[in-house]
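Trainee: I should like to learn how such a model is read, feature by feature. May we begin once it is displayed?

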Amino acid sequence: MKITVLTLFPEMYENFLKTSIIGRSIERGLAEVEFVQIRDFAPGNYKHVDDTPFGGGSGMVMKCQPVLDALDSVKTEDSYTLLMSPAGTPYSQAKARELSKKDHLILLCGHYEGLDARINKHVDELVSIGDYVLTGGELASMVIMDSVIRLLKGSIRDTSTDEESHENGLLEYPQYTHPADYKGDLVPEILLSGNHAKIREWRVLQSLRLTEKVRPDLYAKHEFTEEEKKILKKFKDCE
Ligand code: SAM
């Protein structure tokens with residue numbers, strides 16, 4: 001997969017692209033990341049990329065011309081362009097999965113007061129990473145890159161992502177590691193039993209209970225599998 005980032009601040013990505021799973025995936029050639037400096041497309045000596053908003057108000061708005069010329073310089077028939085925006089569709093694991101199948105992603109980052117609204121017509125989608133305002137789209141684009149790159153085949157073991165939070169609309173069951181007894185705080189005994197069927201059952205139940213408790217919104221719209229229904233019934237009958 002190729003990822004092109006359109007930004008005024010490419011230096012923000014340096015460590016991110018060299019570190020951990022993302023660094024290794026890029027090193028192995030699973031993802032190729034390139035940057036386009038939007039300022040390079042601004043005319044004149046001052047290279048202004050922004051201007052004051054029509055109608056008045058504070059801050060500066062990024063202009064159509066440098067942004068759209070930068071976009072046109074990299075767009076092809078295979079590209080899919082996402083504009084980072086607090087007014088975008090809320091980003092999700094399902095969207096990350098969908099994007100991980102694309103050949104070429106273009107991530108367009110706004111800054112200052114944002115971008116001229118006419119730019120919206122030139123992208124495939126506006127994406128928000130949450131209900132808060134960032135200084136720029138750079139962190140949002142890193143969130144998208146991280147969540148997409150780790151899903152690429154060969155990035156991490158396929159099975160590692162299968163049961164993760166949000167993959168099946170639920171949160172993941174709690175995980176524990178050594179020691180089994182940390183200052184008197186014990187790991188649930190079932191996990192030490194070696195009984196894989198029982199461990200699986202416990203994990204499914206914990207995943208359901210955790211989601212119900214901390215994310216009732218997700219739980220309410222969850223479509224229960226036959227296995228989940230069976231486990232819930234079994235433990236309800238025991239209570
Ligand atoms: N004036 C804009 C508003 O009120 O909606 C906010 C602009 S923000 C300071 C600058 C840029 O950061 C945006 O153009 C966008 O690219 C990015 N950004 C800020 N919050 C974001 C979010 N929650 N998700 C995605 N991108 C965001």
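Trainee: Does cysteine 64 count as buried or exposed?

Mentor: Please keep in mind that this is a predicted model. Burial is read from relative accessibility, with under 20% as the limit for buried. Cysteine 64 has 19% relative accessibility, so it counts as buried. Cysteine 109 also counts as buried, because its relative accessibility is 1%.

Trainee: How many disulfides are there?

Mentor: A disulfide is a covalent bond between the sulfur atoms of two cysteines. The count here is zero. The cysteine sulfur closest to that of cysteine 64 belongs to cysteine 109 and is 17 Å away, which is too far for a bond. Seen from the other side, cysteine 109 is likewise in no disulfide, with the sulfur of cysteine 64 as its nearest cysteine sulfur.

Trainee: Which residues of helix H3 are buried?

Mentor: Helix H3 spans residues 64-72, and its buried residues are Cys64, Pro66, Val67, Leu68, Ala70 and Leu71. Their cover includes strands S1, S2, S4 (61-62), S5 and S6.

Trainee: Where is aspartate 69 found, and how is its accessibility classed?

Mentor: Aspartate 69 lies in helix H3. Its relative accessibility is 36%, so it counts as partly exposed. Apart from neighbours within four places in sequence, aspartate 69 is in contact with Phe41 and Cys64. Tyrosine 13 is 56 residues from aspartate 69 along the chain, and their C-alpha atoms are separated by 22 Å.

Trainee: What is the order of the strands in the open sheet?

Mentor: One reads a sheet by following its strand pairings from one edge to the other. In this case five strands with parallel pairing are arranged in the order S2-S1-S6-S5-S7. The edge strands, each pairing on one side only, are S2 (32-37) and S7 (125-128). On average, neighbouring strands of the sheet are turned by 30° against each other, direction ignored.

Trainee: How many bridges join S1 to S2, and how many join S1 to S6?

Mentor: S1 and S2 run parallel and are joined by six bridges. Five bridges join S1 to S6, again in the parallel sense. Isoleucine 3 shows both pairings: it stands opposite valine 33 in S2, and it stands opposite leucine 105 in S6. Strand S1 is also mostly covered, with five of its six residues buried.

Trainee: How do S5 and S7 pair?

Mentor: Strand S5, residues 79-90, pairs with S7 in the parallel sense over five bridges. Within these strands, methionine 84 stands opposite valine 127 in S7.

Trainee: Which strands does helix H5 touch as it packs on the sheet?

Mentor: Helix H5 (residues 138-149) touches S1 (2-7), S2, S5, S6 (104-108) and S7. The direction of H5 makes about 175° with that of S1.

Trainee: Which residues around the ligand come nearest?

Mentor: For a bound molecule, one lists the surrounding residues and then examines the polar atom pairs. There are 19 residues around the ligand, of which Met84, Gly110, Glu113, Tyr132 and Leu134 come nearest. A backbone N or O atom of methionine 84 is 2.7 Å from an oxygen atom of the ligand. For glycine 130, a backbone N or O atom lies 3.0 Å from a nitrogen atom of the ligand. A polar backbone atom of tyrosine 132 is 2.9 Å from a nitrogen atom of the ligand.

Conventions:
Residues are numbered from 1 along each chain as its sequence is written. This is a predicted model: local features need pLDDT of at least 70, side-chain atom pairs count only at pLDDT 80 or more; totals for chains, interfaces and linings use all residues. Side-chain values use heavy atoms; hydrogens and water are left out. A disulfide is a pair of cysteine sulfur atoms within 2.5 Å. Buried means under 20% relative accessible area, exposed over 50%, partly exposed in between (1.4 Å probe, protein chains only). Two strands pair if DSSP finds at least two bridges between them. Helices (H or I, at least four residues) and strands (E, at least two) are DSSP runs, numbered from the N terminus. Axes are lines fitted to C-alpha atoms, for helices over the stretch in contact, and angles run from 0 to 180 degrees between N-to-C directions. Contact means heavy atoms within 4.5 Å. A residue is near a molecule or strand if one of its heavy atoms lies within 4 Å of it. A polar contact is a pair of N or O atoms within 3.5 Å; within protein, one must be able to donate a hydrogen and the other to accept it, and residues adjacent in sequence count only if both atoms are side-chain atoms.
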